[in-house]
Amino acid sequence: MSTEQERRRQELADQLSQALGAAAELMTERIQASPAPSTRPARDRRSSRRGGRLPGWLVPLAAAAAVAVVVAGSLLVSRIHFGASQPSSATSGPPAFYLTLGTGISPQVEVHRASDGAVTGTVPSTREWSITAMSATAGDRTFFVSETPVQNPAKPNLCPANRFLRFDVTATGAVTGLRQAGRQVAGLNLQLAASPDGTRLAYWAYCGSEPAWGLHVMNLASGAVSSWTSNWAGSVNTTSPADVSGPAQISWAADGRSLALNYQWKGSSQAYLAYQAVLLLNISSKNGPIQDHSRVLWHQGPGCKTFCVYYAQLSPDGTSLVASATKIVRLGGDEYAMSLERISLPDGRVSDVLFHTTIFSQVTGGVPALQLTGDSSATYWLVQVGKNLGWVSDGQFHLLQPYGTIRGAAW
Amino acid sequence: MRPSAEPADDLAGLFRAHHLELVRLAAFVIGDVAAGEDVVQDVFVRLQQRWDSLAGQWDPLPYLRTAVVNGCRSAFKRRASLQRRHAAAAAEPLPVPPLTAEESVLLSEDRRRLLAALALLPRRRREVLVLRYYVGLSEAEIATTLGISPGTVKSTAARGLDALARILEEAR
């Protein structure tokens, strides 16, 4: 057998291993509700499933949740050591309210008071529409959600309708002025980012035929939509950091002229999740291939060996990234050091560690990473740490609520 | 992605430690999460009936893997039998990647193609590739699980990878 043939087999084996691992993570959500056999005999489970494997309205939400599963990649277990407390240097406080997207039969968006986590208002899913994503504007009082029609799991629509809702929050946290924003569009939307001034929405939409994913920006006043697609050829062997195929995490530059896209670019290493890149797209280009109107701001891999970035967001002033990085402390074990760090641009050096913690976890796949959403000043970060949701500023973690009952948070 | 070696002194502990990975294994082999759950559930129910006589005397994980793979084969045969009874042109049912449409769109295109190609392989090759590159077993462990020789495992894996490459090439 030739060395070349052996090399090809090994490369394909690596790719197969990655594909199986990623698919396994995606199906985890559906599997994990299963009870132990001693509590529920097999015959009972079969008959109960025959009535309907997955309620239709759950399907798009399960997909949204799967995004979190893929990125988090783990079931985190309890023992958390928070970073040392330091006096806050922030001149103004964190946002007054934050949103959570719930789980369960009727998932709804809840508005919480950030001072104590109390629920002050709700935006329920309807029988016909399911909420799939949410985003906050810089003003701290205006929020958007996207929702898609409830799917029939036996005949899923790969290009469903999608509409956006806007609402405001009063000083006491009540939801007011709930209404449709912009026009209805086509495509399953799992990523949504409102522009800092709340006049435009950026979103990825999936619509079946190739190219499957498109990045869109809608002007809410006119309903006009600009669209970009990736010219990534789809080969697993490409190694360019510009290989974004969607759906990337979106963050807006403060001037509203650019979008930063954070994604996993296509490498062939086993440590595929560490191949991260951030690309800056000039949205004045209106339409066309993403790569023709963008530049790679930063990328990582294959040299990442210690603290590897698994998520990065552009700071509003565009001079740095705030990134979630994880280091495997004990190889094959269950201890992970995680940090929230600032990466200066364009040199890509870590200029500040905003927060650090150690988590002991039972990992079912991938590497655990802090999930974060920054406020408009990039001073306060809404972070999932293990099974807790809280906010971080100046190295200190402020607990808000358990994360287990929600599938996403934003402020 | 070898399951964690979590100690499991009782059946419930064994279930908690290995259920997820076993269902994933079955789902990849049989092409359906729900059918995979049924296979794994049946394996645990049968194990429950024999638990008192087996507990503490053996390493259960290799047994569980073998039972799950055999359970998948039985499920295939049942499905094929049903198809022969109810369909005019009954070939062996082809498994498909065990993801919903919404889950599939979250995979990159190359991974979708790869999983679709895997589903087209003959059953034995698919079993070997899933055990090797998903579960992470050695050739010797796969040989024990499937009841074949290590040499057969090696040649089956190599042919499986070559077949995958051909399917992907033809689909371009």
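In the predicted model, A:Gly102 stands opposite A:Ile406 of strand β26(A). This pair belongs to the junction between strand β2 of chain A, residues 97-102, and β26(A), where the two strands run antiparallel and are joined by four bridges. Both strands are part of an open sheet of four strands in chain A, ordered β4-β3-β2-β26 and paired in the antiparallel sense. The edges of this sheet are formed by β4 (119-124) and β26 (406-410) of chain A, each of which pairs on one side only. Neighbouring strands are turned against each other by 25° on average, direction ignored. In general, the strands of a sheet pair through backbone hydrogen bonds, either parallel or antiparallel.

Another open sheet of four strands in chain A has the order β5-β6-β7-β8, again with antiparallel pairing. Strands β5 and β8 (175-186) of chain A stand at its edges; each has a single partner strand, so one side of each is left without a neighbour in the sheet. From one strand to the next, the twist averages 25°. Within this sheet, strand β7 of chain A, residues 161-169, pairs with β8(A) over seven bridges in the antiparallel sense. One residue of this pairing is A:Phe164, whose bridge partner in β8(A) is A:Ala181.

The loop between β5 (129-136) and β6 (142-149) of chain A contains A:Arg141. With a relative accessible area of 29%, A:Arg141 is partly exposed, because the value falls between the limits of 20% for buried and 50% for exposed residues. A:Arg141 and A:Asp168 are separated by 27 residues in sequence, whereas their C-alpha atoms are 5.5 Å apart in space. A:Asp168 is one of the residues that A:Arg141 touches when those up to four places away in sequence are not counted. The others are A:Ala96, A:Phe97, A:Phe167, A:Val169, A:Thr170 and A:Ala171. Of these, A:Phe97 falls within the residue range of β2(A), 97-102, and A:Phe167 within that of β7(A), 161-169.

Two further loops of chain A show backbone features of note. The peptide bond from A:Leu345 to A:Pro346 is cis, with omega near 5°. A:Pro346 lies in the loop that connects β20 (335-344) and β21 (350-362) of chain A. A:Lys286, a residue other than glycine, has a positive phi, near 70°. The loop that holds A:Lys286 runs between β15 (276-282) and β16 (288-289) of chain A. Most residues other than glycine have a negative phi, and most peptide bonds are trans.

Chain B has eight helices and zero strands, and its pattern along the sequence is α-α-α-α-α-α-α-α. Of its 172 residues, 54% count as buried. Among the contacts in chain B with a separation of 6 or more, 62% are accounted for by residues 24 or more positions apart.

Helix α6 of chain B, residues 123-135, packs against helix α7 of chain B, residues 139-146, at an angle of about 135° and with the axes 10 Å apart. The two helices are therefore oblique to each other, and α6(B) passes α7(B) in a right-handed crossing. On the side of α6(B), the contact is made by B:Arg124, B:Glu127, B:Val128, B:Leu131 and B:Arg132, and on that of α7(B) by B:Glu139, B:Ile142, B:Thr145 and B:Leu146. By class, the residues of this contact divide into four nonpolar, one polar and four charged.

Helix α6(B) also meets helix α8 of chain B, residues 150-171; their axes come within 9 Å and cross at roughly 100°. This angle makes α6(B) roughly perpendicular to α8(B). From α6(B), the contact involves B:Arg124, B:Arg125, B:Val128, B:Leu129 and B:Tyr133. The residues on α8(B) are B:Val153, B:Thr156, B:Ala157, B:Arg159, B:Gly160, B:Leu161, B:Ala163 and B:Leu164. Eight residues of the contact of α6(B) with α8(B) are nonpolar, two polar and three charged. B:Arg124 and B:Val128 take part in the contact with α7(B) and in that with α8(B).

The buried residues of α6(B) are B:Arg126, B:Glu127, B:Val128, B:Leu129, B:Val130, B:Leu131, B:Tyr133, B:Tyr134 and B:Val135. The helix is followed by B:Gly136, which has a positive phi, near 85°.

Technical notes: Residues numbered from 1 in each chain as written. Chains lettered and ligands numbered in written order. Predicted model: local features only at pLDDT ≥ 70, side-chain atom pairs only at ≥ 80, totals over all residues. Heavy atoms only, no water. Pairing = 2+ DSSP bridges. Axes fitted to C-alpha atoms, helices over the stretch in contact; angles between N-to-C directions. Parallel < 35°, antiparallel > 145°, perpendicular 65-115°, else oblique. Left-handed = near helix turned anticlockwise from the far one by under 90°. Contact = heavy atoms within 4.5 Å. Nonpolar A, V, L, I, M, F, W, Y, C, P; charged D, E, K, R; others polar. Buried < 20%, exposed > 50% of the residue type's maximum accessible area, 1.4 Å probe, protein only.
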